[in-house]
Amino acid sequence: MWLEQLHLLHRRTGAANADTSNISHFTLQTCQRQIQVHWTSDPLDRMDDQWDYHWGAKAYEFLLRVVSGLESALVGETEIFGQFKKAWAMQASDHRQLEPLFNKLLEDTKELRTHYLQNLGQTSYGSLARRLLLENAVPSGACVLILGAGQLARAVAPFLNSQWNVGVWNRSPARAEELVANLLDKKSQSMTAHLRETTLENITDDFLSEFVAKARALVVCHPGDLPPALAGGRLPQTVIHFGENRKDLAANWFSSDCEILALDDVFARFQDSMEVRRSKIIAAAHFAQERARLRTLGPSATSVAHGWEDLAHFV
């Protein structure tokens, strides 16, 4: 069986970055999870209880669900696919034994997304944040502060900066500066004049309180407490927190008279469209399960129709 040597360790994390220098395995690190992919005939040590262990077809099915966005908090989101491709491009030279597997994984991800995850509504955190700001009547050209400079912030910032003046703050000023420089470079290459009408800047600790005072919205792209400079002060009128569910928010987030939308609040707001989404997601999950079984036959195996493939076309 082709997938007998595939072993996968997974844990949810919002903490330290993964060590991608360990060439014994491929590593995928996002703001939600850390995954290690091993190709070996020996069983793995789980290390501690925080890690889930998957093997063989179950490992492939789980990896396909993650890369396609089925395991994301925002089901069907597109950022994870790009994160996987970037991680693979950086580590591929150390893991050539995984190349046939990942080539099939990329093919299967594209097929799953094309047939089952199209037209789900907002399927990126950036488009979701933009819709929420518009629904909360944040006027074009207003100031919006993004907290964080990781992968989620990088995905969100371009969607917001097309319409609002965006400031980026991060615990590490160098990372915020890098994000802003990268996005400014992309804007300078754009031919869309509207993009040049908005500003994008790195906000340091010295100017954080000043920027917040004029900001109409705050978009949080990492878990954790308020920055010390903002604790106890007045927050913008609208706060969107992609880093935590409401029950996990620290008390100091509620010390200001503002509307706070935590991650679970955001999903609840769009509950009306969830039934259609759910039908498509169920069909996508069936696809992932059956495709994993097919891959046990080897990389050259071709798919066989099972009848459920057309479910998504009737929802």
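Visitor: In which helix does Asn 161 lie?
Guide: The structure shown here is a predicted model. In this model Asn 161 belongs to a helix that covers residues 151–161. That helix is α5.

Visitor: Is Asn 161 buried or exposed?
Guide: A residue is called buried when its relative accessible area is under 20%. The relative accessibility of Asn 161 is 3%, so Asn 161 counts as buried.

Visitor: Which backbone oxygen does the side chain of Asn 161 reach?
Guide: The side chain of Asn 161 extends to a backbone oxygen at 3.2 Å. A polar contact requires a pair of N or O atoms within 3.5 Å. The oxygen in question is that of Trp 164.

Visitor: On which strands does α5 pack, and what angle does its direction make with that of β5?
Guide: The sheet concerned is an open one of six strands with parallel pairing, in the order β7-β6-β5-β8-β9-β10. Its edge strands, each pairing on one side only, are β7 (200–202) and β10 (259–261). Helix α5 packs on this sheet and touches β5, β6, β7 and β8 (215–220). The angle between the direction of α5 and that of β5 is about 175°.

Visitor: Which residue of β6 stands opposite Leu 147?
Guide: Strand β5 spans residues 143–147 and strand β6 spans residues 165–169. The two strands pair in the parallel sense over five bridges. Opposite Leu 147, in β6, stands Trp 169.

Visitor: At what angle to β5 does helix α7 run?
Guide: Helix α7 comprises residues 205–214. This helix lies across β5, β6, β7 and β8. Its angle to β5 is about 135°.

Visitor: How far apart in space are Leu 226 and Asn 252?
Guide: Leu 226 is located in the loop between β8 and β9 (238–241), and its relative accessibility of 7% means that Leu 226 counts as buried. Beyond its neighbours within four places in sequence, Leu 226 is in contact with Ala 231, Leu 235, Asn 252 and Trp 253. Leu 226 and Asn 252 are separated by 26 residues in sequence, yet their C-alpha atoms are 6.9 Å apart.

Visitor: In what order do the four strands of the antiparallel sheet stand?
Guide: This open sheet has edge strands β2 (26–29) and β4 (52–55), each of which pairs on one side only. From one strand to the next, the twist averages 15°. The order is β2-β3-β1-β4.

Visitor: Which residue of β3 is the bridge partner of His 10?
Guide: Strand β1 covers residues 6–12 and strand β3 covers residues 33–39. Seven bridges join these strands, which run antiparallel. The bridge partner of His 10 in β3 is Ile 35.

Visitor: Which residue of β3 stands opposite Leu 28?
Guide: Strands β2 and β3 are joined by a hairpin through three residues. They pair in the antiparallel sense over four bridges. Both faces of β2 are covered, with Phe 26 and Leu 28 buried on one side and Thr 27 and Gln 29 buried on the other. Opposite Leu 28, in β3, stands Ile 35.

Visitor: Which helix gives the most to the largest nonpolar core?
Guide: The largest nonpolar core has 38 residues, and Phe 26, Val 37, Leu 101, Phe 102 and Leu 112 have the most contacts inside it. At least two residues each come from β1, β2, β3, α1 (57–68), α2 (79–91), α3 and α9 (274–295). The helix that gives the most to this core, with seven residues, is α1.

Visitor: Why does the span of helix α3 agree with its number of residues?
Guide: Helix α3 runs over residues 99–116 and has 18 residues. At 1.5 Å a residue, α3 should therefore span 26 Å. The C-alpha atoms at its ends lie apart by a distance that agrees with this, namely 25 Å.

Visitor: With which side chain does the side chain of Ser 72 make a polar contact?
Guide: Ser 72 has its place in the loop between α1 and α2, and at 9% relative accessibility Ser 72 counts as buried. Leaving aside neighbours within four places in sequence, Ser 72 is in contact with Gln 32, Arg 33, Glu 77 and Ile 80. The polar contact, at 2.7 Å, is with the side chain of Glu 77.

Conventions: Residues are numbered from 1 along each chain as its sequence is written. This is a predicted model: local features need pLDDT of at least 70, side-chain atom pairs count only at pLDDT 80 or more; totals for chains, interfaces and linings use all residues. Side-chain values use heavy atoms; hydrogens and water are left out. Two strands pair if DSSP finds at least two bridges between them. Axes are lines fitted to C-alpha atoms, for helices over the stretch in contact, and angles run from 0 to 180 degrees between N-to-C directions. The expected span of a helix is 1.5 Å times one less than its number of residues. Buried means under 20% relative accessible area, exposed over 50%, partly exposed in between (1.4 Å probe, protein chains only). A polar contact is a pair of N or O atoms within 3.5 Å; within protein, one must be able to donate a hydrogen and the other to accept it, and residues adjacent in sequence count only if both atoms are side-chain atoms. A nonpolar core is a set of buried Ala, Val, Leu, Ile, Met, Phe, Trp, Tyr and Cys residues joined through side-chain atoms within 4.5 Å. Contact means heavy atoms within 4.5 Å.
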